[in-house]
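Trainee: Could you take me through one small part of this model up close, and then show me how it leads on to the rest? I am new to this structure, so please go step by step.

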Amino acid sequence: MEANTHGTGRLPAAFLTPGSSSFIDFLAAHSPELLPGRRPPVGPPATIEAPHGTTIVAASFAGGVVLAGDRRATMGNVIAQRDIEKVFPADEYSAVGIAGTAGLAVEMVRLFQLELEHYEKIEGAQLSLEGKANRLSTMIRGNLGMAMQGLAVVPLFAGYDLDLGRGRIFTYDVTGGRSEERGFAATGSGSVFARGSLKKLYREGLAPEQAATLVVQALYDAADDDSATGGPDLARRIFPIVALVTEDGFRRLPEEEVSEIARSVTARRLEQPDGPQAPLL
């Protein structure tokens, strides 16, 4: 009996022609929209709300570097934490400040600390400051997949170079790209405003006390224009974390000392809300 070529159950001739090496090739030729990577998304894209740290600043002075961070963590438009710590010692002669997704950033710092300690125990000597900066760059690059999903970590690294006898500052992008900064640096959501303040007030040869005041001024300016950056909270006694790294090692300034600097800056702002004025020439 001759086959019915006009019946409703018969597939088109193109579907019965040999030649496709696989079902995927067949599907790509006739219905590419059904392939896994080409299906339209179902529903709105998923978003992850996680606390984010914000502004970190650093400046060099005669004999070392100072690193400071505000205390606010945000989650969208909500203040997630008012007293988060964002500045940590990496080892005896270096420090790292975190900006970006707080949980991932803190874990990265802990791993970084552990790796530097392990290297020192195994080799019997500290890794060079350049080597530490490179290692942190590799760790940030390893987080690129999470950064593409909005969970970026962008730290600021500073330390005292024992070989060169001076402080050095390094900034990074989300791909792990590293840049060495001269004089001062800032990262985080308020970095644009903090950098403007540092650019206005920074000068070479600062004393450690002046450098500490400088970074507190910069964080105050950042908080003045960036809602994700927290300024000194006098009512709750929450002040920025300020750390110095010199040839004597890492030293975090006591809360009483930072409190005195922050209160002096705040009192002065009552007279000059926009802060110290730099000369035009």
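Mentor: Let's begin with Gln113: leaving out residues up to four places away in sequence, Gln113 touches Phe88, Pro89 and Ala90. Keep in mind that this is a predicted model. Gln113 sits in helix α2, which covers residues 102-123, while residues 87-91 make up strand β6. Along the chain, Gln113 and Phe88 are 25 residues apart, yet their C-alpha atoms are separated by 9.2 Å. Gln113 has a relative accessibility of 24%, so it counts as partly exposed, since buried would mean under 20% and exposed over 50%.

Now step back to the loop between β5 (78-81) and β6, where you will find Lys86. Is Lys86 buried or exposed? Its relative accessibility is 1%, so Lys86 counts as buried. The side chain of Lys86 meets that of Thr54 in a polar contact of 3.0 Å. Apart from neighbours within four places in sequence, the contacts of Lys86 include Gly53, Thr54, Thr55 and Ile56. Asp70, Arg71 and Arg72 are also among them, as are Val96, Gly97, Ile98 and Ile241. Two of these names lead us onward: Ile56 begins strand β2 (56-61), and Ile241 begins strand β13 (241-246).

Both strands bring us to helix α6. What covers the buried residues of α6? The cover includes β2 and β13, along with β3 (64-69), α5 (191-201) and α7 (255-269). Helix α6 runs over residues 208-225, 18 in number, and reaches 27 Å from its first C-alpha to its last, close to the 26 Å expected. Its buried residues include the run from Leu214 through Val215, Val216, Gln217, Ala218, Leu219, Tyr220 and Asp221 to Ala222. Ala211 and Ala212 are buried as well. In the loop between α6 and β13 lies Arg237, whose phi is near 55°, a positive value in a residue other than glycine. Arg237 has a relative accessible area of 44%, so it is partly exposed.

Strand β2 also points us to the largest pocket. Its volume is about 200 Å³, and 17 residues line it. Which of them lie nearest the centre? They are Ser60, Phe61, Arg166, Gly167 and Tyr202. The elements that give two or more residues to this lining are β2, β10 (166-172) and β11 (178-181). Strand β10 gives the largest share, four residues. Sorted by class, the lining holds seven polar, six charged and four nonpolar residues.

From Arg166 we can move to Asp161, which touches Arg166, Arg168 and Leu129 when residues up to four places away in sequence are not counted. Asp161 is in strand β9 (residues 156-161). With a relative accessibility of 6%, Asp161 falls under the 20% limit and therefore counts as buried. The side chain of Asp161 also reaches the backbone nitrogen of Asp163, at 2.9 Å.

Leu129 takes us into helix α3, where Leu129 is one of the buried residues. Others buried in α3 include Gly131, Lys132, Ala133 and Leu136, and also Ser137, Met139 and Ile140. An α-helix has 3.6 residues a turn, so residues three or four places apart point the same way. The helix α3 has 14 residues and reaches 20 Å from its first C-alpha to its last, close to the 20 Å expected.

Next to Leu129 in the sequence comes Glu130, also in α3. At 29% relative accessibility, Glu130 lies between the two limits, so it is partly exposed. Outside its neighbours within four places, Glu130 is in contact with Arg168, Phe170 and Arg178. Arg168 is thus a contact of both Glu130 and Asp161. Glu130 and Glu180 are 50 residues apart in sequence, with their C-alpha atoms 10.0 Å apart in space.

Finally, here is the whole chain. It has seven helices and 14 strands, and 43% of its 281 residues count as buried. How many of the contacts between residues at least 6 apart in sequence join residues at least 24 apart? The share is 61%, and the contact of Gln113 with Phe88, 25 residues apart along the chain, is one example to look for.

How values were computed
Residues numbered from 1 in each chain as written. Predicted model: local features only at pLDDT ≥ 70, side-chain atom pairs only at ≥ 80, totals over all residues. Heavy atoms only, no water. 1 Å grid on protein atoms, 1.4 Å probe; cavity = no way out; pocket = protein on both sides within 12 Å on 5 of 7 lines; lining within 4 Å. Points joined across faces, edges and corners; volume = space filled by probe spheres on them. Nonpolar A, V, L, I, M, F, W, Y, C, P; charged D, E, K, R; others polar. Expected span 1.5 Å × (residues − 1). Buried < 20%, exposed > 50% of the residue type's maximum accessible area, 1.4 Å probe, protein only. Contact = heavy atoms within 4.5 Å. Polar contact = N/O pair within 3.5 Å; in protein donor to acceptor, adjacent residues only side chain to side chain.
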